[in-house]
Amino acid sequence: CDVVYSFDVFVHMDLHQMRRTLTCARSLLRPGGLLFVSFANLLAPDGWRRFAKQRQYSVGGFYFVSPDIARRLLQKTGFEIYRMSEPQPTNIYLNR
């Protein structure tokens, strides 16, 4: 396929499941295909606040990673990163 899109899905997976899902997505994409994926950023201001309120991880909660961990997962599963977003105080999705 040309594009795999995953928004607000990886926030409900632990690292092992993220790796398995990225590997699967890579196998679905044709050469030159694109992946859009979002993660819960522990280093973003609202990401940390949300993490601090959460007592433990559950599938119904959020699993937080840092941009470095997200980058490593993507690279190790065969993806080239074209762009990573930065936290933006006015954007609820980019600020967590």
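Me: How much space lies in the largest pocket of this structure?

Reply: In this predicted model, the largest pocket holds about 1,100 Å³ of space. It is lined by 37 residues, and those closest to its centre are Phe 36, Val 37, Arg 83, Met 84 and Ser 85.

Me: Which helix and strands each supply at least two residues of the lining of the largest pocket?

Reply: The strands are S1 (3-6), S2 (34-37) and S3 (40-41), and the helix is H3 (67-76). By residue type, the lining divides into 21 nonpolar, nine polar and seven charged residues.

Me: Which residues make the nonpolar surface patch?

Reply: The patch, of about 900 Å², is made by Val 3, Tyr 5, Phe 7, Leu 34, Phe 36, Tyr 82, Ile 92 and Tyr 93. Strands S1 and S2 each supply at least two of its residues. Tyr 82, one of the residues of the patch, is located in the segment after H3.

Me: Why is Tyr 82 called exposed?

Reply: A residue is exposed when its relative accessible area is over 50%. The value for Tyr 82 is 65%, so Tyr 82 is exposed.

Me: What makes Arg 30 and Asp 2 a salt bridge?

Reply: The rule asks for a side-chain nitrogen of Lys or Arg within 4 Å of a carboxyl oxygen of Asp or Glu. The closest N and O atoms of Arg 30 and Asp 2 are 2.4 Å apart, so the pair meets the rule. Arg 30 lies in the loop between helix H1 (15-28) and S2, while Asp 2 lies in the segment before S1, so the salt bridge ties together parts that are 28 residues apart in sequence.

Me: Why do Arg 30 and Asp 2 count as partly exposed?

Reply: Partly exposed covers the range between the buried limit, under 20%, and the exposed limit, over 50%. Arg 30 has a relative accessibility of 40%, so this residue counts as partly exposed. Asp 2, at 45%, is likewise partly exposed.

Me: How many salt bridges are there by this rule?

Reply: The count comes to three. Among them is the pair Asp 46 and Arg 49, whose side chains meet at 2.4 Å, N to O. Both residues lie in helix H2 (residues 45-53), three residues apart, which is about one turn of the helix. Asp 46 is partly exposed at 26% relative accessibility, and Arg 49 is partly exposed at 47%.

Me: How do you know that Arg 71 forms a salt bridge with Asp 68?

Reply: The closest N and O atoms of Arg 71 and Asp 68 are 2.9 Å apart; the limit is 4 Å, so the pair is a salt bridge. Arg 71 and Asp 68 are three residues apart in helix H3, so about one helical turn separates them.

Me: Why is Asp 68 called exposed, while Arg 71 counts as partly exposed?

Reply: Asp 68 has a relative accessible area of 56%, which is over 50%, so Asp 68 is exposed. Arg 71 has 30% relative accessibility, which lies between the two limits, so Arg 71 is partly exposed.

Me: Where is Cys 24, and what makes this residue partly exposed?

Reply: Cys 24 is in helix H1. Its relative accessible area is 42%, neither under 20% nor over 50%, so Cys 24 is partly exposed. The C-alpha atoms of Cys 24 and Ser 58 are separated by 23 Å, and the two residues are 34 residues apart along the chain.

Terms used:
Residues are numbered from 1 along each chain as its sequence is written. This is a predicted model: local features need pLDDT of at least 70, side-chain atom pairs count only at pLDDT 80 or more; totals for chains, interfaces and linings use all residues. Side-chain values use heavy atoms; hydrogens and water are left out. On a 1 Å grid over the protein atoms alone, a cavity is a set of points where a 1.4 Å probe fits but cannot get out, and a pocket is an open set with protein on both sides within 12 Å along at least five of seven lines; lining residues have an atom within 4 Å of a point. Grid points are joined across faces, edges and corners, and a volume is the space filled by probe spheres set on the points. Helices (H or I, at least four residues) and strands (E, at least two) are DSSP runs, numbered from the N terminus. Ala, Val, Leu, Ile, Met, Phe, Trp, Tyr, Cys and Pro count as nonpolar, Asp, Glu, Lys and Arg as charged, and the others, Gly among them, as polar. Patches are made of residues with over 30% relative accessible area and no salt bridge: like charges are joined within 9 Å, nonpolar side chains (Val, Leu, Ile, Met, Phe, Trp, Tyr) within 5 Å. Accessible areas come from the Shrake-Rupley method with a 1.4 Å probe; for residues, only the protein chains shown count as cover. Buried means under 20% relative accessible area, exposed over 50%, partly exposed in between (1.4 Å probe, protein chains only).
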